[in-house]
Every structure is written in C-alpha cells, then in structure tokens.
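Please consider the model shown below. An explanation for a reader new to it follows the display.

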Amino acid sequence: MQLKRHWKEYNPLFSTILKLGWPVILAQVGQISVGLVDNMIIGQLGRTPLAAASFSNTIFNLVLLFGMGFTFILTPKIGEAIGLNNYKKATSALKNSFMANGILSLLLLVLLVVLYFYMPYMGQPETIIASSQAYLIILMISLIPQMIFLTFKQLFEGIGDTKMGMKITLVGNVVNIIGDFIFVFGLLGAPKMGLIGAGVGTLLARLTMAGGAIYVFYAYEKYNAFASLFNEVKCTLQEVKEFFTNGVPMAFQLLMESAAFSISTIMMGWISEVGLAAHQVAISLSTLGFMVYQGIGAATGILVSQSFGKRDFKEVKKVTYASLIIVVLMSFGAVIFFLIGRSWMPHLFTDDQEVIQFAQLFMIWLASYQTFDAIEIAYAGACRGLHDFKVPMWFIFSSYFIIAIPFSYMCAFHWGQGEQGIWMGFPLGLGIICLFFVKRFSHRLKKVEEQHIPFERKIA
C-alpha cells in the first residue's frame, strides 16, 4: 500500500520530468551526430585537414563551453520569475542576460584572437597551422550567433519549453550537414572550399539557429508577453553584474569538468599510444550515459526553479526526489549496458585487438561511476534551480584537481596500475562530488526556506 501511494504521488512528476528531459537528450544526440559527420566529411580531405580541424575545434570548443555555461544562469532566473507569475521580471532577466552575454562574447573573441596568434607556438605540426588559423577565424565569427541562440534557448527552457530549443538545434544540424557537403566539395555550383567549407557550414547553421530563435520569440504567441515587454524593461548595472557574479562560477564548473577529462587524455598519452586510442573509445562511449543524465538534470533545474519561484519548498523536494529515482534507474541500465556492451562496442571503433582489450578494461571503470555521475547531475540541476553556483564550483575544482587527477596520476605512474590507473580517479572524484551535491542541496534548501519564512511565522 505504501509503495502504491508513493507511485500515485510521484507518477505525474516522473512524466513531467521525462517530458521535459527527452528533448534536451535528443538535441544533444543531434549535436554529437553532427560532430561525427563533420569529422567524416573533413576526413575525406585527408589527415592534414582533419588534424587542423581537430586543433582549431579543441581551442574554440573550450572557449564556447565557457560561454555556454555562462548562459545557463538565465534558466533558473526565468523559472523563478515564472513561478512568481512575474513576466516583467522574467523579461528583465532576459534583456540583462543579453547584455551580459554580449559583453562576455566580446571578451571571448579577444581571447580567441590572442589564441589565434599564439597557435604557431603551441607545438603543433607546421603543416596544419595556416589551415587551423583560417578555420578558427570562421568559428570565431560563429560565436556571436551561437551565444544569441543559447540565450534564447535558456528562455525557452526556463518556461518549460525544452522542445523549441531541440527543434531549432535539429534544424541547425541539418543546415550544418548540407552546408558541409555543398561548400567542402563544391556542389550545386558553390566554390570548392575544402576545410574552410566545413567552417562555412557551421557558421550557416549557427546563423540559422540564431535567426530561428529570434523568429520564434517575436512570432509565437507563447512568447508574446516577453516580446511586448522587451523594449519596456531596462538593463541595469546591478543585474548585469549579478549575471557575471553567478555566471562565471557556472561557466567554470563546465570548463573544469571538461578540462579534467582532457588532462586524463594527456596523461594517457604519456603512457602509450594504444592506451590513448582505447581511452578515446571509452570516453566517446561515456557521453551516451552523460547526455541522458544531463537531460534529466536540465528538467530538474527547470522544475525546481519554478517551484522555488512559488516558494513551494515541499514541491522542490518532491521534484528532486523524483529525479533521483529516474537517474538512479537509468544509471543501473547504463551499468548493465556498458558491462554487456564491452564485448562488442569497442569493435565498432577499431580492429586493433590490443586497443579493444584496453577499451574493454576501461569500460569496467566507466560502468563503476555511472550512478555517482547520474546522482551528481540530478542534484547539480536542483542546486542550479535554487541559484547555487559559487560553492559547487570550488568543490568541483577540489574534487577533480586536488583529489581525482592526482590519484589517477599516482595509480598510473607510481602504484603500478599503468593505463587503467588513469581511470581509477574517475569513480573517486565523481563519488565525492556526488556526496557533496546531495549534502549541498539539503543545506541550500534549508537556507532558502529560512530566508523565505513568512514574517508572521518568524514572529510566532
């Protein structure tokens, strides 16, 4: 009876979370697919263009990842305002977000220009430098439209419309692939541009996504309230400053997680080429679990922020608990999937038996941290919904860079574990981060509850 009562209570939340989460997951699948297609098309041009694209994308994607994390701050602000039924506050947040994101975009462009001139001194083969620099210029131009789209995407998700961002993303993905074929190979009368053509395809896709988001904002009835108020609200120094105060820590959270895995790749390269190849296989497969959990984490953040806006803290707890159940069940499925799939998945990437053996070993470690990763992402979304950004940033830094990476280094180079030693730090680091977010959510929720106790209850 108790189980039946709990199921009846939480079943609507399960449906809502999954309904919000699946478009985010599908959009991420689309992005990954486009990245694979990009590499396949550029690969047809030869190893030099492929290496040049890899070099430029590595530089640009780290900068873009920082900008992307910065835009995430808008979603909980919109969610809270919607929970309060205050559309003017939500529109003010959107307009000030555009100002803050615009300033950051200019700063990121300056950084990219500096990196552009520094590329010849990064120890890469001279044969790829000129192509890499030319390709990076196209990517730099695409930064502004991409940031415009990401800002609108956070608005869409903040009001609970995750499908709109997915639809625009998928349209952009189609434009990207078609543009690649046309401009790389010179089809339909277009000039044959090679590697630069792939950059043009990416630029066209991001312009399409920005244009599509602007069109939706002004043309769709769902967003009329925001569009009609947009010119009325004003940008304020205080609110723009608040976006930087909270946005920079959020941006660093994303950047540090990516950097931690990049460092593990570098360390693997210090050991062996076969280990590095197997590492890339396992890392590629790890995104399958991550992107599913990330969709649920995004849905959690949206619903928590809206409940926070209503000051319904009981609902905040219920949403987070429902998300926890969903991601734990998903992680169990992922563990089984990776453990069974290790017998055949690596064969999709290579025929080298030594690489396959190492990849199969790494996939055991990959399976070992799935539940930690899933819980951490769900609770991180809940903490974002409660506007908690700064403390998580420092704890993620400590867990990865003071504990996990040094532990991996010691296992690999001093305790005789070799290649698999690099992977031993992942479950340790993610396990610690998981415990932190669980405790941090409880602490943060208690704090905001105390801050929003009605005046009459405080007197009593």
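The paragraphs below take up the overall fold, the interior and surface, and the confidence of the model.

The structure is a predicted model. Its protein chain contains 16 helices and 0 strands. Along the principal axes, the C-alpha atoms of the protein chain occupy a box of roughly 75 × 55 × 40 Å. The radius of gyration of the protein chain is 23 Å, which agrees with the value near 23 Å that a compact globule of 460 residues would have.

The interior may be considered next. Of the 460 residues in the protein chain, 53% are buried. Among the contacts in the protein chain with a separation of 6 or more, 80% are between residues 24 or more positions apart.

The surface and the charges follow. The protein chain has an accessible surface of about 21000 Å², and carbon and sulfur atoms account for 66% of that area. The protein chain carries 32 positive and 25 negative charges, and the mean positions of these two sets lie 11 Å apart.

Finally, the confidence of the prediction deserves attention. The mean pLDDT of the protein chain is 87, and 94% of the residues score at least 70. Helix α4 (residues 87–118) has the highest confidence, at a mean of 94, whereas helix α16 (residues 455–459) has the lowest, at 40. Over residues 455–460 the pLDDT stays under 50, and the model has 3 contacts beyond four places in sequence for these residues. Predicted coordinates should not be read in detail where pLDDT is low.

Technical notes:
Residues numbered from 1 in each chain as written. Predicted model: local features only at pLDDT ≥ 70, side-chain atom pairs only at ≥ 80, totals over all residues. Heavy atoms only, no water. Helix = DSSP H or I, 4+ residues; strand = E, 2+ residues; numbered from the N terminus. Rg over C-alpha atoms; globule rule 2.2 N^0.38 Å. Buried < 20%, exposed > 50% of the residue type's maximum accessible area, 1.4 Å probe, protein only. Contact = heavy atoms within 4.5 Å. Areas by Shrake-Rupley, 256 points an atom, 1.4 Å probe, with all protein chains shown as cover. Lys, Arg positive; Asp, Glu negative; His and termini not counted. Charge placed at Lys NZ, Arg CZ, Asp CG, Glu CD. pLDDT = per-residue confidence, 0-100.
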